[in-house]
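Here is a short briefing for a first look at this structure. Please keep the sequence and the 3D view at hand.

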Amino acid sequence: MDWSGVLCVSIAFVALSNAGELTFELPDNEKLCFHEVIDKATKVTLEFQVITGGNYDVDMELTGPNGQMLFKDTKKQYETHTWTTDLNGEYKFCFSNEFSTFSHKVVYFDFQVGEEKPIVPRVGGENAHHTALTQVGICYIMCILLKVTVEPCYSKTLK
């Protein structure tokens with residue numbers, strides 16, 4: 001087994017604690033696990049999807065700190081599980097491609113611990129706040145203006 005890939009995935013996930021999105025390669029006949037220490041009474045969501053490989057399916061097991069199996073999915077392409085923890089401790093979720101002997105998979109997951117914070121904090125009074133949509137619109141307009149400004153310069157440079 002090539003441990004360098006597992007190490008890179010582990011380091012990347014540790015850097016994303018409390019909320020993490022990760023896309024990784026799961027070789028055929030392999031199992032890869034992730035661990036997270038979570039407090040009691042915390043809302044958690046695990047969402048995964050197989051992006052490429054074989055029949056686009058993996059097995060997934062999620063266990064609690066006491067070893068109790070919380071969720072088990074067999075040969076699923078995608079799934080979402082949301083629950084509230086009932087114990088403090090280390091929760092473990094594993095993706096398995098052990099049933100495949102020739103097809104590796106690329107798997108994406110999003111692991112959210114706790115309530116998700118709003119994208120844009122409220123500013124000013126009750127009705128004075130920005131929305132993500134407004135910011136996207138502003139960025140879009142800025143990109144158009146930048147393109148209009150840059151393209152004539154680029155065209156002149158080419159001539």
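The points below cover a sheet, one strand pair and two residues with unusual backbone angles.

This is a predicted model. An open sheet of 4 strands runs in the order β2-β7-β4-β5. Two residues, A41 and K75, have a positive phi without being glycine.

**The sheet**

- The strands in the open sheet pair in antiparallel fashion.
- Strands β2 (31-38) and β5 (69-76) stand at the edges.
- Each edge strand has a single partner, so one side of each lacks a neighbour in the sheet.
- From one strand to the next, the twist averages 10 degrees.
- In general, the strands of a sheet pair through backbone hydrogen bonds, and they may run parallel or antiparallel.

**The β4 and β5 pair**

- Strand β4 covers residues 58-63.
- It is joined to β5 by 5 bridges, and the two strands run antiparallel.
- Within this pair, M60 stands opposite D73 in β5.

**A41, in a loop**

- A41 lies in the loop between β2 and β3 (43-52).
- Its phi is positive, at about 65 degrees, although A41 is not a glycine.
- A41 has 59% relative accessibility. The cut-off for exposed is over 50%, so A41 counts as exposed.

**K75, in a strand**

- K75 sits in strand β5, which is an edge strand of the sheet.
- The phi of K75 is near 50 degrees, a positive value in a residue other than glycine.
- K75 has a relative accessible area of 49% and is partly exposed.

Note on methods:
Residues numbered from 1 in each chain as written. Predicted model: local features only at pLDDT ≥ 70, side-chain atom pairs only at ≥ 80, totals over all residues. Heavy atoms only, no water. Pairing = 2+ DSSP bridges. Axes fitted to C-alpha atoms, helices over the stretch in contact; angles between N-to-C directions. Buried < 20%, exposed > 50% of the residue type's maximum accessible area, 1.4 Å probe, protein only.
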